[in-house]
Amino acid sequence: MGDGKKLKEILDSRNMSVRELSRKTGIGRTTLYYMIQNDSHIRFDFALRIANELEIDVKEICSNVPFSGDISEEEIYPTLPNALEGKLDANRVKTYLKHSIFPLMFMYGKNSMPDVDHILTNFYRLDDSARKDVVNMIDALLINHTDPERDKEIKSIKGW
């Protein structure tokens, strides 16, 4: 049994429709129907969104989970394609991830990554002006809505 059939079984057991899951996760209905009908593998980022919504372990619906147990640094470092060599310095990317993304994932858990992925993806879909507006809005919100405990934790991360 593939990932699609597992997802269908879980949806059926919860009396949840594909349409409802699509609305709650932001994953297109046709994409969800395709995965179920073809019993195909579910991309990890989609599986995380679905697992978070259904409050299940991502491994129940994703046979290609890139993380096993605790997150290790090796699991999140990128392998840069040859086409990017010279454009992105692999050591800079690795250092950035080591000192920012990895500690955040370690502190707040890998289950928060679908939200982060969604925010980053949509941020880069915006034009330059809108991206500046988002940054300014976040700065303004931080003035009155900073969680002191999380602020302290994040400031403890090297490089932040």
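**Close-up views of a nine-helix chain**

Asn-15 is exposed, with a relative accessible area of 71%. That residue opens our tour of this predicted model, and the legends below take you through the helices and loops one view at a time.

**View 1. Asn-15, an exposed residue in the loop between α1 and α2.**
This loop residue has a phi near 50 degrees, a positive value in a residue other than glycine. If you are new to backbone angles, here is some background: most residues other than glycine have a negative phi. Asn-15 sits after helix α1, in the loop that leads to helix α2.

**View 2. The whole chain, for orientation.**
How many helices and how many strands does the protein chain have? There are nine helices and zero strands, and reading along the sequence gives the pattern α-α-α-α-α-α-α-α-α. The chain has 160 residues, and 28% of them count as buried. Its exposed surface comes to about 11200 Å², of which carbon and sulfur atoms supply 52%. Take the contacts between residues at least 6 apart in sequence: 52% of these join residues at least 24 apart.

**View 3. Helix α2 meets helix α3.**
Some background helps with this view and the later ones: two packed helices are described by the angle between their axes and the distance between the axes. For α2 (residues 18-25) and α3 (residues 29-37), the axes come within 9 Å and cross at roughly 125 degrees. That makes α2 oblique to α3. The crossing of this pair is right-handed. On the α2 side, look for Val-18, Arg-19, Leu-21 and Ser-22; on the α3 side, look for Arg-29, Leu-32, Tyr-33 and Ile-36. By type, the residues of this contact divide into five nonpolar, one polar and two charged.

**View 4. A closer look at Tyr-33 in helix α3.**
Is Tyr-33 buried, exposed or partly exposed? With a relative accessibility of 38%, Tyr-33 counts as partly exposed. To find Arg-19 from here, go 14 residues along the chain; in space, the C-alpha atoms of Tyr-33 and Arg-19 are separated by 9.2 Å. Both residues belong to the contact of α2 with α3.

**View 5. Gly-2 and Asp-39, 37 residues apart in sequence.**
How far apart in space are the C-alpha atoms of Gly-2 and Asp-39? The distance is 5.2 Å. Gly-2 belongs to the segment before α1 (3-13) and is buried, with a relative accessible area of 17%. Asp-39 lies in the loop between α3 and α4 and is partly exposed, at 22% relative accessible area. The cut-off for buried is under 20%, so Gly-2 at 17% counts as buried while Asp-39 at 22% counts as partly exposed. Asp-39 also has a positive phi of about 50 degrees, although it is not a glycine.

**View 6. Helix α4, largely enclosed by the rest of the structure.**
Why is α4 (residues 44-54) described as largely enclosed? Eight of its eleven residues are buried. They are Phe-44, Phe-46, Ala-47, Leu-48, Arg-49, Ile-50, Ala-51 and Leu-54. What covers these residues includes α1, α2, α3 and α7 (113-125). Just after the helix, Glu-55 takes a positive phi of about 55 degrees.

**View 7. Helix α4 packs with helix α7.**
Here the axes are 9 Å apart and the packing angle is about 125 degrees. The two helices are therefore oblique to each other, and their crossing is left-handed. From α4, the contact uses Asp-45, Leu-48, Arg-49 and Asn-52; from α7, it uses Met-113, Pro-114 and Asp-117. These residues divide into three nonpolar, one polar and three charged.

**View 8. Helix α2 packs with helix α4.**
In this last view, the helix axes lie 10 Å apart, at an angle of about 105 degrees. α2 and α4 are therefore roughly perpendicular to each other. Leu-21, Lys-24 and Thr-25 of α2 meet Arg-49, Ile-50, Glu-53 and Leu-54 of α4. This contact divides into three nonpolar, one polar and three charged residues. You may recognise Leu-21 from the contact of α2 with α3, and Arg-49 from the contact of α4 with α7.

Notes: Residues numbered from 1 in each chain as written. Predicted model: local features only at pLDDT ≥ 70, side-chain atom pairs only at ≥ 80, totals over all residues. Heavy atoms only, no water. Axes fitted to C-alpha atoms, helices over the stretch in contact; angles between N-to-C directions. Helix = DSSP H or I, 4+ residues; strand = E, 2+ residues; numbered from the N terminus. Parallel < 35°, antiparallel > 145°, perpendicular 65-115°, else oblique. Left-handed = near helix turned anticlockwise from the far one by under 90°. Contact = heavy atoms within 4.5 Å. Nonpolar A, V, L, I, M, F, W, Y, C, P; charged D, E, K, R; others polar. Buried < 20%, exposed > 50% of the residue type's maximum accessible area, 1.4 Å probe, protein only. Areas by Shrake-Rupley, 256 points an atom, 1.4 Å probe, with all protein chains shown as cover.
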